[in-house]
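Here is a brisk walk through one predicted model. Keep the sequence and the structure open side by side.

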Amino acid sequence: MKVIDLINDHQRTPFSFEVLPPLKGTGTDVLFRSIERLAEFQPKYINITTHRSEYVYHEVEGGLMQRQRLRRRPGTIAVSAAIRQRFGVKVVPHLVCSGFTREDLEYQLIDLQLLGIDELLIMRGDKARDEQRFQPTGDGPAHATELIEQVNRFNEGFFWDGSPIKQPGKGFHYAVACYPEKHEEAANLKADMEYLKMKQDLGAQYAVTQMFFDNDTFYRFRDKAREMGITLPLIPGIKPLGKLSQLSVVPKTFHCDLPETFYAEARKCRTDEELRQVGIEWATEQCRDLLKHGGVPSLHFFTVGAVDSVCEIAKRIY
C-alpha cells in the first residue's frame, strides 16, 4: 500500500516520524532502540534523512591545504532497508539534490528499486556550509522540481541522459517538503507556494511541513494553499524543543518563529530538563489543537534529540 493510501485510510490520525542515519562508523543499535520505543504508536511510515558530503581541509607538505570530501552520515539506503526488514514498516528515504550529481541520484534510484523501496521524500536539500547560496554538484539538479522531473523520467523508463532503461522496474511515489513560514530563499510566501503547486502538478502526492510552533501559521498556510489550487494533503511537522540552546539555534537554522507565549515560558527555564517539559506541553497542545480543527491527514514528528519527548507526547494524544 502506498503512503498516500495509508494516510487516507485510517480510523485515527496517523503517526509518523523522521530519523537520521547513524554517524559514519557508528552502529545502528541506538537508532533501532529509538524506533522500538516509538513502534508502540504504530507509525504508518518512517522518514530517513540524507546528508550531503562536506569538504574538510588538511595541511600537506609545503604549507598547502588539501581539500578532502567527507560524508558524515552515509547509509540512507542501507538504513532504510534495515528498518523495513526489522520493523516491517513503510520507509520513505529522502532524495536530495544537495551534494549529488544526476548520475549519483540515478544510482540511488536503481539501488532503491532493487530493494523494493518505492517511496521518496524529494527535496533540494541544504547548501554546503561554505556556500553563500546553493550550488549544485556538477550537473546535479539545482531545484527540487528538476529532481522530480528526473524521477518522473526514470519512472517512464529513461535514464537521465535520455537513454532507455532496458527493463524498467516499478516506479516511485513521492512527497515533497513545504514551508508554512516560506523557504529561506523564497522572495515571499506566495512565490514559495507557487513552487509547491508546481511540485503537485509534476506528481507529488503529499507534502510534509518544516517544523513550526504556531498553529495559526499553519492554518493560514493551508488556507492560502487551497485558494491557490493546492490540494495535496499537508502534513504538519512537529518538533518538541528540549535544550536551552535550541531557543536561538532552531529559529536561525530552520527559519521559523517561536510564538511569544511559548518563548516567555521557555525563558523562565534554567535547565534543559525544565525546557524539555515546556517543550512537551507546548507540542502536546499543538497536536491537540491540530486534531480539534480537523483536516489534518497525519502528524509527523522530528525525533532527533527528542525521542523521549515524542514518546511522552504520543502517549497523551494516541
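## The cavity

The model is predicted. The count comes to one cavity of 30 Å³ or more. About 60 Å³ of space lies in this largest cavity.

Which residues line the largest cavity? The lining is made by Y179, P180, E181, K182, Q210, M211, F212, F254, H255 and C256. By class, six of the lining residues are nonpolar, two are polar and two are charged.

## K182 and its loop

K182 is one of the residues that line the cavity. K182 sits in the loop between β7 (173-178) and α6 (189-202). Is K182 buried, partly exposed or exposed? At 25% relative accessibility, K182 counts as partly exposed.

The backbone of K182 also deserves a look. Its phi is near 70 degrees. That is a positive value in a residue other than glycine.

## Q42, another positive phi

Q42 also has a positive phi, near 55 degrees, and Q42 is not a glycine. Find Q42 in the loop between α2 (29-38) and β2 (45-48). Q42 is exposed, with a relative accessible area of 54%. That value is over 50%, so Q42 falls in the exposed class.

## Aromatic pairs

How many aromatic pairs does the model hold? The count comes to eleven. One of them joins F15 and F17. Their ring centres are 5.7 Å apart, and the planes meet at 45 degrees, which makes the pair tilted. F15 and F17 are both buried.

F262 and W282 form another tilted pair. Here the centres are 5.2 Å apart, with 35 degrees between the planes. F262 lies in helix α9 (residues 260-266) and W282 in helix α10 (residues 272-293), so the pair ties together parts that are 20 residues apart in sequence. The two partners fall in separate burial classes. F262 is buried, with a relative accessible area of 1%. W282 is partly exposed, at 24% relative accessibility.

## A ring cluster and a charge over a ring

Which residues do ring pairs link into a cluster? They are F15, F17, F41, F301 and Y318. F15 and F17 of this cluster are buried.

R153 and F158 make another kind of contact. The charged end of R153 sits over the ring of F158. The distance to the ring centre is 4.3 Å.

## Strand β6 and its neighbour

Strand β6 covers residues 119-123. It is mostly covered: five of its five residues are buried. In a regular strand the side chains alternate between the two faces of the sheet. In β6, E119, L121 and M123 point one way. L120 and I122 point the other way. All of them are buried.

Strand β5 (residues 90-96) runs parallel to β6, and three bridges join the two. What is the bridge partner of L95 in β6? The partner is I122.

## Strand β9 and its neighbour

Strand β9 covers residues 234-238. Five of its five residues are buried, so-called mostly covered. L234, P236 and I238 point one way from β9. I235 and G237 point the other way. All of them are buried.

Strand β8 (residues 207-211) pairs with β9 in the parallel sense, over three bridges. V208 has I235 as its bridge partner in β9.

## Contacts across the sequence

A81 belongs to helix α3 (residues 76-87). Is A81 buried or exposed? A81 is buried, with a relative accessible area of 18%. The cut-off for buried is under 20%, so A81 qualifies. A81 and L112 are 31 residues apart along the chain. Their C-alpha atoms are separated by 8.6 Å.

Q113 lies in helix α4 (residues 102-115). Q113 is partly exposed, with a relative accessible area of 24%. Q113 and K170 are 57 residues apart in sequence. In space they are 7.0 Å apart, C-alpha to C-alpha.

Notes. Residues are numbered from 1 along each chain as its sequence is written. This is a predicted model: local features need pLDDT of at least 70, side-chain atom pairs count only at pLDDT 80 or more; totals for chains, interfaces and linings use all residues. Side-chain values use heavy atoms; hydrogens and water are left out. On a 1 Å grid over the protein atoms alone, a cavity is a set of points where a 1.4 Å probe fits but cannot get out, and a pocket is an open set with protein on both sides within 12 Å along at least five of seven lines; lining residues have an atom within 4 Å of a point. Grid points are joined across faces, edges and corners, and a volume is the space filled by probe spheres set on the points. Ala, Val, Leu, Ile, Met, Phe, Trp, Tyr, Cys and Pro count as nonpolar, Asp, Glu, Lys and Arg as charged, and the others, Gly among them, as polar. Rings of Phe, Tyr and Trp (its six-membered ring) pair if their centres lie within 6.5 Å; planes under 30 degrees apart count as stacked, over 60 as edge-to-face and the rest as tilted. Buried means under 20% relative accessible area, exposed over 50%, partly exposed in between (1.4 Å probe, protein chains only). Helices (H or I, at least four residues) and strands (E, at least two) are DSSP runs, numbered from the N terminus. A charge sits over a ring if NZ of Lys or CZ of Arg is within 6 Å of the ring centre and within 35 degrees of the ring normal. Two strands pair if DSSP finds at least two bridges between them.
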